[in-house]
Amino acid sequence: MTSSSDVRDAVVADPAGTLLALDFDGTLAHIVDDPTRAFAHHDSVEALARLGSVLGQIAIITGRPVRQALALGGFEGLSGLGNLVIHGQYGAERWAAADGALTQPERPRAIVELAAMLPDWLDERGAHGVRLEDKGIAIAIHTRGIDPGVLGELAEPVARLAADLGLAVEPGRQVIELRAPGHDKGDSLRAIVADVRPRQVIFGGDDLGDLPAYDAVDEFRTHGGAGLLICSASEEQDALVARADLVLDGPDAVAEWLQALADDIAPS
Ligand SMILES: O=P(O)(O)OC[C@H]1O[C@H](O[C@H]2O[C@H](CO)[C@@H](O)[C@H](O)[C@H]2O)[C@H](O)[C@@H](O)[C@@H]1O
């Protein structure tokens with residue numbers, strides 16, 4: 001069994017053979033009430049810009065649409081991040097800094113139907129105060145800031161509604177999302193690994209949607225690669241803690257860890 005410090009040493013010795021993949025909300029950005037104000041931690045962005053010029057590949061794998069991740073992270077055109085790829089909406093959208101090209105699926109019919117009926121549907125169930133985030137190919141129902149019981153009460157009816165519409169349910173921190181099925185963060189990570197063939201993979205996340213990427217790193221290790229699983233810990237979600245090699249205390253600690261790695265590999 002390789003320890004997290006062994007993998008970190010391997011990364012420092014062989015940065016070009018390393019894929020660093022990170023989740024956005026709760027890992028690079030603090031969780032805040034308003035999703036449009038969840039900006040990436042300045043120190044993380046600065047560290048990524050330094051690491052980008054030496055690591056083989058940097059990836060952000062997020063539930064956010066690519067354009068939001070770009071805007072909230074301030075990544076576009078940032079010097080040092082010419083090798084960044086972003087897989088948005090759990091892998092349904094893909095963008096690469098190398099050519100700036102964004103691939104996006106069309107809005108599914110089921111999401112069009114859902115958008116039309118969801119406000120009344122929620123009202124009929126007494127789910128007052130929830131906020132809807134329409135991401136084009138998915139809709140997130142946010143319950144942050146209202147009675148914490150509402151999320152649990154919505155879980156079963158939302159699952160039935162999703163099944164009726166042929167959609168997948170993506171649960172998260174004070175949010176339930178309905179989206180097209182057939183892809184997850186694990187598929188994204190596997191695709192990037194197949195593309196860049198790294199010898200070391202680091203993945204960091206904070207929420208349930210990151211677990212498929214944890215599975216992908218476990219598979220990578222089974223095939224002889226060196227993997228490092230980071231959990232950006234919170235009181236809200238502890239599902240990743242037992243599986244992580246390294247538990248950091250939220251986005252501030254993630255930023256410190258990235259800064260230390262950048263200092264070791266790419267001093268400014
Ligand atoms: O995969 P991620 O990068 O972690 O994105 C998952 C969802 O994150 C966002 O919601 C979460 O962050 C919000 C801002 O801090 C917070 O208000 C909300 O309670 C969290 O669930 C985002 O709004 C979703 O679209 C993402 O799918």
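The following dialogue explains how to read some features of the predicted model shown above.

Student: What should I know about the model before I begin?

Tutor: Residues are numbered from 1 along each chain as its sequence is written. This is a predicted model, in which local features need pLDDT of at least 70 and side-chain atom pairs count only at pLDDT 80 or more, while totals for chains, interfaces and linings use all residues.

Student: How many helices and strands are in the chain?

Tutor: Helices (H or I, at least four residues) and strands (E, at least two) are DSSP runs, numbered from the N terminus. The chain has 8 helices and 12 strands.

Student: What does the radius of gyration of the chain agree with?

Tutor: The radius is taken over C-alpha atoms, and the globule rule is 2.2 Å times the number of residues to the power 0.38. For 268 residues, a compact globule would have a radius of gyration near 18 Å; the chain has 18 Å, which agrees. Along the principal axes, the C-alpha atoms fill a box of roughly 60 × 35 × 35 Å.

Student: Which domains does the assignment give?

Tutor: Domain bounds come from an automatic or database domain assignment. Here that assignment gives domain 1 (4–104 + 183–265) and domain 2 (109–179). Their C-alpha centres lie 27 Å apart. The contact between them (C-beta atoms, placed from the backbone, within 7 Å) takes 14 residues from domain 1 and 14 residues from domain 2.

Student: Where does the ligand lie with respect to the domains?

Tutor: Domain 1 and domain 2 both give residues to the shell around the ligand, so the ligand lies between them. A residue is near a molecule or strand if its C-beta atom, placed from the backbone, lies within 6 Å of it. Of the 24 residues around the ligand, Phe 24, Asp 25, Pro 35, Thr 62 and Gly 63 come nearest. Strand S7 (138–142) and strand S9 (175–179) are the elements that give two or more residues to this shell.

Student: How do the residues of that shell divide by type?

Tutor: Ala, Val, Leu, Ile, Met, Phe, Trp, Tyr, Cys and Pro count as nonpolar, Asp, Glu, Lys and Arg as charged, and the others, Gly among them, as polar. The shell holds 7 nonpolar, 7 polar and 10 charged residues.

Student: Which residues of helix H1 are buried?

Tutor: A residue is buried if 20 or more other C-beta atoms lie within 10 Å of its own, exposed if 12 or fewer, and partly exposed in between, with C-beta atoms placed from the backbone. In H1 (residues 4–13), Val 7, Arg 8 and Val 11 are buried. Seen down the axis of H1, these residues fall within an arc of 100 degrees (the arc of the directions from the helix axis to the C-beta atoms), so they line one face of the helix. An α-helix has 3.6 residues a turn, so residues three or four places apart point the same way. On the other side of H1, Ser 5 and Ala 13 are exposed. The buried residues pack against strand S1 (18–22), strand S10 (200–205) and strand S11 (226–232).

Student: How many residues of helix H3 are buried?

Tutor: Helix H3 (residues 66–73) is mostly covered, with 6 of its 8 residues buried. What covers them includes helix H2 (42–52) and strand S2 (57–61).

Student: Why does Ile 58 count as buried?

Tutor: Ile 58, found in strand S2, counts as buried because it has 25 C-beta neighbours inside 10 Å. Ile 58 and Ala 21 are 37 residues apart in sequence and 5.8 Å apart in space, C-alpha to C-alpha.

Methods: Contact = placed C-beta atoms within 7 Å.
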